[in-house]
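Please read this report with the sequence and the structure open beside it, and look up each part as it is named.

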Amino acid sequence: MKKTLLAGASAGLLVAAASAAHAQSIDYGSLEQLFNEPVTTSATGAPQRSTEAPVDMTIISAADIERSGAVDLPTILSRIAGLDVTTWGAGAADVSVRGYNQAMSPRLLVLINGRQVYLDHYGYTAWATLPVQLSEIRQIEVVKGPNSALFGFNAVSGVVNIITANPKFDQTGDITVRGGSARYGEVSLAKSFKLGERFSARFSAGAAKSDEFDNTVGVAKSQQNEPSRVSANLDTVTQLTDKAELRIEGSYSNVQVSDMLSNYAYSPSKYLTGSLKGTLTAETQVGQLQFSAYQNDLTAKHVILGQQARFENKITVVSAQDLFKIGAKHTIRLGGEYRHNEVNTAPIGGAEVSYDVLSASAMWNWAITDKLAFTAAGRYDSLDLSREGAFPAGSPPLGNGYWDRKIEEPSWNLGLVWRATDADTFKASAARGVQVPTLVDLGALQARVSVGPYTLGLAGNPTLEPAIVTNYQLTYERALPALKAQVSAKAFVQKTEDVKGQPTSAQIDVAPTPVSLPVLSYRNIGESKMTGFELAASGEFEAGFRWNADWTHTEVDDEPLAGFSPVLRSAAFGATTPENRGNVALGWTGGPWTADAFVTLVGDHQAYALYAVGANPRLVDIDAYAAIGGRVARTFEGDVTVALSGQNLGDSRQRQSAGLEVERRLYLSVSKRF
Amino acid sequence: MSKKKPVVALAATLLAVAPFSAHADAAKDVQIAGRALTFLENGPTGKAVLGVVFDPSKPASVAEKNAVMAAIGGGLNTGTLTLTAKPVEAGAVSGVGGVAALYVTTGVNAAPVGAAAKAKKIITIGSDASCAASGACVMSVSADPKVEIIVNRGAAAAVGAVFKSAFRMMIREV
């Protein structure tokens, strides 16, 4: 269903504008219509047809998003082969690729138009904070496996790059009003416009609120928030000359949710985000040059171990790249990036931890023959860590100089694509990704906690090593035009070295001294290996029917270092990763009517029990479940669509984790395109 | 796992079904040709005329010309470009005027057509891959079973055709 959608499928949502201006940014719509398949830049940085990308990629189209009936991104992602989504509340979820999911999952890099929107103080994505309306998304590009060589640190289990409509090329106009069960209410607007021949813009804004899931698992009221969000975004493109353009994007979001913290305690979290990004692109004699700079500002308020914690995080990223072709066979991308990331310590303040990263990267794509292409990409990151400020009483006798540390790591991606016949494609890929410790891991977490009669310190660990993820994959894809279908089979192996373990009161990490408390901290606890395979098929029937099905099997084996327990360190991925998950979907479009049904199956697995003061982390059983969703819609004259949709339709309440049980929710939407 | 066998069986069944052989579709090919023209630097916009080159002695060429003319009809919208068409006999290319590009049907002796077009700095597009591979045409296009576009860099340079960089990175160049 996903990447094989014909170009026309999304044309109804995002109408390619007739622009005579010379294109510097990628005109996804025109290229998609030309090649009759989605195009992407998320694999190598160069534009590519999705079927020829040398990585494992799924593209979710605008039409897929609309037909999903979903009101949030995690629900949409849960229907992608191999993605694991754990829903903690009506506004909070964590997403991972092929296992390793956890509360505040740090292994997935999430971006909007290339700007990271995962929260960099702790490396996770609070999905409700993303300042994007579903109606303005052109496509969501999901890369499975490490892609650090292009995107840098933390693109280790995968990348989700959300591509919005480009106001220069795409005319967007949508207003949606939605109501639903549990007092759900939402309004969203996205509209593009032009001022003269050279200036284009798109404005979007939205707000939503609902009741939290019923509290059937004994979560204290003080640990929850009724989920609500408000966001706005402005995206402008100015054609400076015939060969140069400037894109300015600014965003804002204000969100509250019931978060699941990494120690599996709920937190009534609040987020305030803001961003400003500028991208200058020019077509020159030496290739397509792109200069980009952005800043993300975040205020995140949590309740950690009963203490108010307020993180002020600011990241600044400046990058440059040149993309060019040498002769007929070789495409090259050269890039450089500078990044500054800073955050205060919390819950106990008084200090700031920061780092600067310098990166150099290169990509080479070689069309060896008409049928065979090879891609090599590499990146080298050099991170300088530092700390400024005071230490709380009872801290180990360390000075700020203990934080003066450098982390230098290479990343790489290799890919071979062989189009053996018009119908058969084989791909082989290898990758090394780097999951750098977050600022919280490295020292921004600073707390004191009472365990029984004892007082312990809780602190980050500036000596923590990055987790290194290596991944190897073989893919076979076959088109079956006679059946209007395609099938694929994939096999993969992955190893994670220096897995990060969480602090646990079961193990003292820094012994007390006469002047300092015993300290609990983050530690590298060993390795974890994963093997698996994925089978997928999709297609269309006569009379407007479409279908897709997939099944992903993974086996995760944790291999801790002596003296460490993955269970106690909240990193028992072998137990918490379901061995099997899959999806089945059937849809139909006839005239003004559209109907879709989705079933997501998740096998038996274990999950962490909710945090309890003084108790060690422990696992509980989660039975296999099927999450059923669906949507029925009718479009009327004037491009007005009325849709009834629902999620978790099979049960009024379903246990998918040890947290709040996921409720059945129904929505009625009225959308008008203009 | 109980689900394994049915899934494997389904996959095996699907894999056993051979894909149908490709059939050239003139309407789809000319649509691709028109869209490809929009990725030219300083290329045609608005309304443009596509000359459809055919060999009247070759039934297949004539049939393709007829199919292309029918597909374009009163005007074919390909994004920023609306194409109309006029038939051009292969022997008359050196005298052709008022066309944005020439669409060379299969069966036409492409070499002299290409040479005549280069002399007049007109872009040539073939529906046969060999037309661009040989250098007679600037570009070859085919829509089925998968969109394939080949650009001959030498032929493109000869007529002064420069394609946008994103386009160049997604097609085959020879």
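## A sheet of four strands in chain A

In chain A, four strands make up an open sheet with mixed pairing, and their order across the sheet is β21-β26-β27-β31. The strands at the edges are β21 (346-347) and β31 (519-520) of chain A, each of which pairs on one side only. The whole model is predicted, which should be kept in mind throughout. As general background, the strands of a sheet pair through backbone hydrogen bonds, and the pairing is either parallel or antiparallel.

Strand β27 of chain A, which covers residues 454-459, runs parallel to β31(A), and 2 bridges join them. Within this pairing, A:Gly457 has A:Val519 in β31(A) as its bridge partner. The other edge strand, β21 of chain A, contains A:Pro347, and the peptide bond leading from A:Ala346 to A:Pro347 is cis, with omega near -5 degrees.

## Strand β7 of chain A and its partners

Is strand β7 of chain A enclosed by the rest of the structure or open? This strand covers residues 108-112, and because 4 of its 5 residues are buried, β7(A) is largely enclosed by the rest of the structure. One of its partners is strand β10 of chain A (residues 158-164), with which β7(A) pairs in the parallel sense over 5 bridges. In that pairing, A:Leu109 is matched with A:Val159 in β10(A) as its bridge partner.

Strand β7(A) also pairs with strand β8 of chain A (residues 115-116), this time in the antiparallel sense and over 2 bridges. Here A:Leu111 stands opposite A:Gln116 of β8(A). The strands β7(A) and β8(A) form a hairpin with 2 residues between them, and in the turn A:Asn113 has a positive phi of about 50 degrees.

## Loops in chain A

Several residues in the loops of chain A can be described one by one. The loop between β6 (92-97) and β7 of chain A holds A:Arg98, which has a positive phi of about 50 degrees although it is not a glycine. Because A:Arg98 has 27 C-beta neighbours inside 10 Å, it counts as buried. In the loop between β34 (545-560) and α7 (573-576) of chain A lies A:Ser570, a residue other than glycine whose phi is also positive, near 55 degrees. A:Ser570 counts as buried because it has 21 C-beta neighbours inside 10 Å, where the cut-off for a buried residue is 20 or more.

Is A:Gly401 buried or exposed? This residue is found in the loop between β23 (372-389) and β24 (405-419) of chain A, and it counts as exposed because it has 9 C-beta neighbours inside 10 Å. A:Gly401 and A:Arg387 are 14 residues apart in sequence, while in space the distance between them, from C-alpha to C-alpha, is 7.6 Å.

## Chain B and its helix α4

Chain B has 7 helices and 8 strands, and of its 174 residues 48% are buried. Among the contacts in chain B with a separation of 6 or more, 57% are between residues that are 24 or more positions apart. A cis peptide bond, with omega about -5 degrees, joins B:Asp144 and B:Pro145, and B:Pro145 is found in the loop between β6 (139-142) and β7 (148-151) of chain B.

Helix α4 of chain B covers residues 110-119, and its buried residues are B:Ala110, B:Val113, B:Gly114, B:Ala116, B:Ala117 and B:Lys118. These buried residues of α4(B) pack against several elements of chain B, including β1 (46-54), β4 (101-104) and α6 (153-159). After α4(B) comes B:Lys121, whose phi is positive, near 60 degrees.

## The largest nonpolar core

In soluble globular proteins, nonpolar side chains tend to be buried together. The largest nonpolar core in this model has 183 residues, and those with the most contacts inside it are B:Val53, B:Leu102, B:Tyr103 and B:Ile125. Helix α2 of chain B (residues 26-37) gives the most to this core, with 6 residues.

Which residues are in contact with B:Ile125, leaving aside its neighbours within four places in sequence? Among them are B:Ala33, B:Leu102, B:Tyr103, B:Val104, B:Cys137 and B:Val141.

Note on methods: Residues are numbered from 1 along each chain as its sequence is written. Chains are lettered from A and ligands numbered from 1 in the order in which they are written. This is a predicted model: local features need pLDDT of at least 70, side-chain atom pairs count only at pLDDT 80 or more; totals for chains, interfaces and linings use all residues. A residue is buried if 20 or more other C-beta atoms lie within 10 Å of its own, exposed if 12 or fewer, and partly exposed in between; C-beta atoms are placed from the backbone. Two strands pair if DSSP finds at least two bridges between them. Two residues are in contact if their C-beta atoms, placed from the backbone, lie within 7 Å. A nonpolar core is a set of buried Ala, Val, Leu, Ile, Met, Phe, Trp, Tyr and Cys residues joined through C-beta atoms within 7 Å.
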